[in-house]
Amino acid sequence: MSTPAISTATTTDATGTKKILLASPRGYCAGVDRAVETVERALEKYGAPVYVRKEIVHNKYVVDTLAKAGAIFVDDTDEVPPNAHLVFSAHGVSPAVHAAAAERNHDTIDATCPLVTKVHNEVKRFAKSGYHIILIGHEGHEEVEGTAGEAPDVVHLVDGLEGINTLPEFLHEEKLIWLSQTTLSVDETMEIVDKLHEVYDNLENPPSDDICYATQNRQVAVKKVAEQAELIIVVGSQNSSNSKRLVEVALDAGAAHSYLVDYAHQIDPAWLEGVNTVGITSGASVPEILVQHVVEHLAQFGFGDAEEVTTAQEKIVFSLPRVLRPSDRTQKR
Ligand code: SF4
């Protein structure tokens with residue numbers, strides 16, 4: 001899904017000017033783009049309010065902007081009036097949530113990212129084939145709840161290396177496979193998988209790992225920038241898994257400091273003291289305008305040049321849910 005590295009940045013600063021390195025790819029992925037457009041199109045088509053279960057994507061700015069346009073964000077289906085239009089977020093939902101929405105006769109529009117749906121389908125397939133599934137992911141994250149909900153009796157969550165100790169005993173003859181959340185740190189996940197193989201010699205690997213192309217590409221790009229910048233600013237929200245992973249990856253890759261901010265004004269001037277090169281990236285749920293605000297904000301601290309450091313080109317686009325596609329005849333119902 002990605003092309004080989006193409007770095008456009010210079011690594012030294014011959015002029016002594018303070019500079020900015022922009023990791024690329026950064027920001028919106030195809031799944032987020034589709035989910036946000038789903039709510040926008042639903043508002044256009046049905047008018048406000050359109051209900052959205054949970055944050056459509058984990059970004060404050062995006063959620064606030066859609067709320068101003070008429071979206072109502074709720075925690076669960078029981079807060080939505082019967083027959084209302086209800087969008088499921090990019091993180092996906094369990095069959096139990098689909099059933100609860102059907103019971104209340106909600107007109108549902110599923111904005112689940114197709115790459116999350118792929119993991120749901122794997123859970124269903126392996127559960128049907130008699131596997132126990134070790135799901136590597138973060139406890140309480142909406143994506144994990146939705147994925148595990150496909151086969152709750154045979155899915156066992158592992159949250160971090162320590163989570164391995166909480167797994168039940170599996171018989172040697174039992175079929176065992178691991179799957180993962182889409183937005184994890186690639187390196188950390190592989191560390192967990194290696195450890196799992198040490199503990200369970202009957203553990204099988206899935207046909208491919210589930211960490212999505214966007215998560216992987218943003219981690220590769222921030223690693224490259226972290227080799228050249230003293231400070232990495234990650235634009236993203238605290239509840240955004242892939243954004244938080246970018247901070248961790250940047251620190252692991254050698255950045256002295258890395259911070260997660262929703263907005264430019266949250267940058268503490270003390271972070272910039274003695275720093276000549278700042279790297280910037282953003283999570284997969286972050287619109288580019290927020291990155292540009294950070295670039296503009298840093299100008300007042302003498303950071304003038306902004307160079308792209310590009311490690312992959314992304315061309316993936318997901319089509320909208322069928323009911324919202326402009327050419328779809330069901331739109332006229
Ligand atoms: Fe889909 Fe990956 Fe984007 Fe999540 S981060 S919405 S899995 S493309």
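Here is a chat about a predicted model of one protein chain.

Biologist: What am I looking at here, in terms of helices and strands?
Modeller: This is a predicted model, and the protein chain has 9 helices and 13 strands.

Biologist: How does its radius of gyration sit with a compact globule?
Modeller: It agrees: the protein chain has 21 Å, and a compact globule with 333 residues would come out near 20 Å. Along the principal axes, the C-alpha trace spans about 65 × 55 × 35 Å.

Biologist: And how much of the chain is buried?
Modeller: Buried residues account for 53% of the 333. On the outside, the chain exposes about 15,100 Å², and carbon and sulfur atoms supply 50% of that.

Biologist: What about contacts between residues at least 6 apart in sequence, how many join residues at least 24 apart?
Modeller: That would be 75% of them.

Biologist: Switching to charge, how many positive and negative side chains are there?
Modeller: There are 28 positive and 49 negative ones, and the centres of the two sets lie 9 Å apart.

Biologist: OK, helix 7. Where is it, and what is its reach?
Modeller: Helix 7 covers residues 213-226, so 14 residues at 1.5 Å a residue should give 20 Å, and its first and last C-alpha atoms are 20 Å apart.

Biologist: Is helix 7 mostly covered or mostly open?
Modeller: Mostly covered, with 10 of its 14 residues buried. Among them are Tyr213, Asn217, Arg218 and Val225.

Biologist: Which parts of the chain does helix 8 pack against?
Modeller: Its buried residues pack against helix 7, strand 10 (231-235), strand 11 (257-261) and strand 12 (277-282). Those buried residues include Ser241, Arg245, Leu246 and Val249.

Biologist: How far does helix 8 reach, and what follows it?
Modeller: Helix 8 has 12 residues (241-252) and reaches 17 Å, close to the 16 Å expected. Gly254 follows the helix, with a positive phi near 120 degrees.

Biologist: Let's pick out single residues. Where does Leu22 sit?
Modeller: Leu22 is in strand 1, residues 18-24.

Biologist: Why does Leu22 count as buried?
Modeller: Because its relative accessible area is 5%, and buried means under 20%.

Biologist: What does Leu22 touch, leaving out residues up to four places away in sequence?
Modeller: Its contacts include Val225, Ile280, Val291 and Val309. Val225 is also one of the buried residues of helix 7.

Biologist: How far is Leu22 from Ile233?
Modeller: They are 211 residues apart in sequence and 9.9 Å apart in space, C-alpha to C-alpha.

Biologist: Now for the glutamates. Is Glu122 buried or exposed?
Modeller: Glu122 counts as buried, at 5% relative accessibility. It belongs to helix 4, residues 114-128. Setting aside neighbours within four places in sequence, Glu122 is in contact with Leu179, Ser208 and Asp210.

Biologist: And Glu142, which helix is that one in?
Modeller: Glu142 is in helix 5, residues 142-148.

Biologist: Why does Glu142 count as buried?
Modeller: Because its relative accessibility is 18%, and the cut-off is under 20%.

Biologist: What's around Glu142?
Modeller: Not counting residues up to four places away in sequence, Glu142 touches Lys54, Glu55, His58, Ser89, His91 and Gly92.

Biologist: How far apart are Glu142 and Gln228?
Modeller: Their C-alpha atoms are 35 Å apart in space, with their positions 86 residues apart in sequence terms.

Key
Residues are numbered from 1 along each chain as its sequence is written. This is a predicted model: local features need pLDDT of at least 70, side-chain atom pairs count only at pLDDT 80 or more; totals for chains, interfaces and linings use all residues. Side-chain values use heavy atoms; hydrogens and water are left out. Helices (H or I, at least four residues) and strands (E, at least two) are DSSP runs, numbered from the N terminus. The radius of gyration is taken over C-alpha atoms; the globule rule is 2.2 Å times the number of residues to the power 0.38. Buried means under 20% relative accessible area, exposed over 50%, partly exposed in between (1.4 Å probe, protein chains only). Contact means heavy atoms within 4.5 Å. Accessible areas come from the Shrake-Rupley method with a 1.4 Å probe; for residues, only the protein chains shown count as cover. Lys and Arg count as positive and Asp and Glu as negative; His and the chain ends are not counted. The place of a charge is taken as NZ of Lys, CZ of Arg, CG of Asp or CD of Glu.
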